[in-house]
Amino acid sequence: MKKHIVKIAALAFILSFFMTSCQKESVESDDTNIAAAQSSSEASGMVEDLSDEAEYRLSPNTPITGCPTITYAVPQGQFPNTITIDYGSGCTAQNGREIAGKIIIDISNGYFIAGSVRTAHTDGLTCDGNSLEYTRAVTNLGLNTSGQMFWAVEVSGSRVKAADGKTATWTASRVRTLIEGQSTQDEMLDDVYQITGGGTGTCHDGKAFTSTITTPLIKRADCQWVVSGVEQMSMEGRKGGRSLDFGDGTCDDKGTVTMRNGETKEITLRRPR
């Protein structure tokens with residue numbers, strides 16, 4: 001079986017896509033409504049980092065250290081199980097972030113077992129001094145009509161900024177389908193996922209946003225970027241929408257934003273940490 005120990009990081013890069021698109025002084029320097037969403041990008045980036053950190057800590061190849069403490073409700077490999085990753089009063093993650101508090105993951109069965117559910121939530125979690133709360137449920141839906149395994153992913157979260165107490169919120173509903181790599185379940189690097197769905201939320205300034213994947217996104221396990229697909233976004237107070245095209249399948253950090261007037265601009269995507 002593939003060593004997707006928890007696999008709770010699989011959606012966060014999609015959340016960060018929309019937030020990254022919102023940021024852009026580099027897209028449109030006088031678009032203050034879009035630039036105002038930059039703080040939400042920071043929030044989703046934190047979730048991405050924490051998800052990657054959790055998967056890293058649970059990998060059998062990761063050396064056991066004093067922080068965080070990882071405990072299993074029943075012996076590892078038995079189901080159902082609850083895994084607690086406890087950073088205590090704080091320690092440095094492998095990506096350099098300072099984390100305190102807990103990430104708790106409830107697992108009903110193995111990741112590749114149809115009907116299995118994995119739900120991650122936080123308990124008193126802070127990241128670089130910012131309070132962060134999120135819940136993510138990943139449900140294995142079995143095989144689709146093409147014989148490909150797919151998962152439903154539901155995410156909700158909020159981040160309270162330490163300095164001013166403002167809160168950003170987001171929810172997302174995605175379907176992730178393993179379109180390549182299913183036959184080699186001991187190898188992760190040949191996995192290719194297709195992602196569909198959408199999301200909504202509010203930025204720290206209170207403005208609401210909506211995002212919809214209009215062309216399925218493609219994420220390869222051997223590339224840190226989404227390599228193709230299109231997502232459409234709109235924001236409260238803005239007429240029309242904008243879209244981000246991730247490209248032709250090449251593994252790079254470039255994307256093309258199309259404005260409501262049809263103008264296009266190339267941007268550099270936020271580097272996943």
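This briefing walks through the disulfides, the aromatic contacts and a run of paired strands in the structure above. Keep in mind that the model is predicted. A search of the whole structure turns up 2 disulfides and 4 aromatic pairs. On the strand side, E7 pairs in the antiparallel sense with E6 and also with E8.

**Disulfide Cys67–Cys91**

- Cys67 and Cys91 are joined by a disulfide, with the sulfurs 2.1 Å apart.
- Cys67 sits in the loop between helix H3 (38–58) and strand E1 (69–72), while Cys91 belongs to strand E3 (residues 91–92), so this bond ties together parts that are 24 residues apart in sequence.
- The torsion about the S-S bond comes out at about -75°, so the Cys67–Cys91 link is left-handed.
- The two ends see different amounts of solvent-accessible surface: Cys67 is partly exposed at 26% relative accessibility, whereas Cys91 is buried at 12%.

**Disulfide Cys223–Cys251**

- The other bond runs from Cys223 to Cys251, with an S to S distance of 2.0 Å.
- Cys223 is in the loop between strand E10 (208–220) and strand E11 (226–235), and Cys251 is in the loop between strand E12 (242–248) and strand E13 (254–258), so here loop is tied to loop across 28 residues of sequence.
- This link of Cys223 and Cys251 is right-handed, with 95° about the S-S bond.
- Cys223 is buried, at a relative accessible area of 3%, but Cys251 is partly exposed at 37%.

**Cysteine bookkeeping**

- Count the bonded cysteines of the chain in sequence order and the pairing reads 1-2, 3-4.
- Cys127 is buried too, with a relative accessible area of 0%.

**Aromatic contacts**

- Of the 4 aromatic pairs in the whole structure, one to look at is Tyr111 with Phe112: the ring centres are 5.1 Å apart and the planes meet at 85°, so this pair is edge-to-face.
- Both of those residues are tucked away: Tyr111 is buried at 2% relative accessible area, and Phe112 is buried at 7%.
- Tyr111 and Phe112 also belong to one aromatic cluster together with Trp151 and Tyr193.
- Which residue lies over the face of Tyr193? That's Arg176, at 5.2 Å from the ring centre.

**Strands E6, E7 and E8**

- Strand E7 (residues 149–160) is mostly covered, with 9 of its 12 residues buried.
- Strand E6 (residues 130–143) runs antiparallel to E7, and the two pair over 11 bridges.
- For a handy register mark between E6 and E7, take Ala137, whose bridge partner in E7 is Glu154.
- E6 and E7 make a hairpin with 5 residues between them, and in the turn Gly147 has a positive phi of about 80°.
- Strand E8 (residues 167–180) pairs with E7, again in the antiparallel sense and over 11 bridges.
- Here the register can be read from Ser156, which has Thr171 in E8 as its bridge partner.

**Where the topics meet**

- Trp151, a member of the aromatic cluster, falls within the residue range of E7, 149–160.
- Arg176, the residue over the face of Tyr193, falls within the range of E8, 167–180.

How values were computed: Residues numbered from 1 in each chain as written. Predicted model: local features only at pLDDT ≥ 70, side-chain atom pairs only at ≥ 80, totals over all residues. Heavy atoms only, no water. Phe/Tyr/Trp six-rings, centres within 6.5 Å; stacked < 30°, edge-to-face > 60°. Buried < 20%, exposed > 50% of the residue type's maximum accessible area, 1.4 Å probe, protein only. Lys NZ or Arg CZ within 6 Å of the ring centre and 35° of its normal. Helix = DSSP H or I, 4+ residues; strand = E, 2+ residues; numbered from the N terminus. Pairing = 2+ DSSP bridges. Disulfide = S-S within 2.5 Å.
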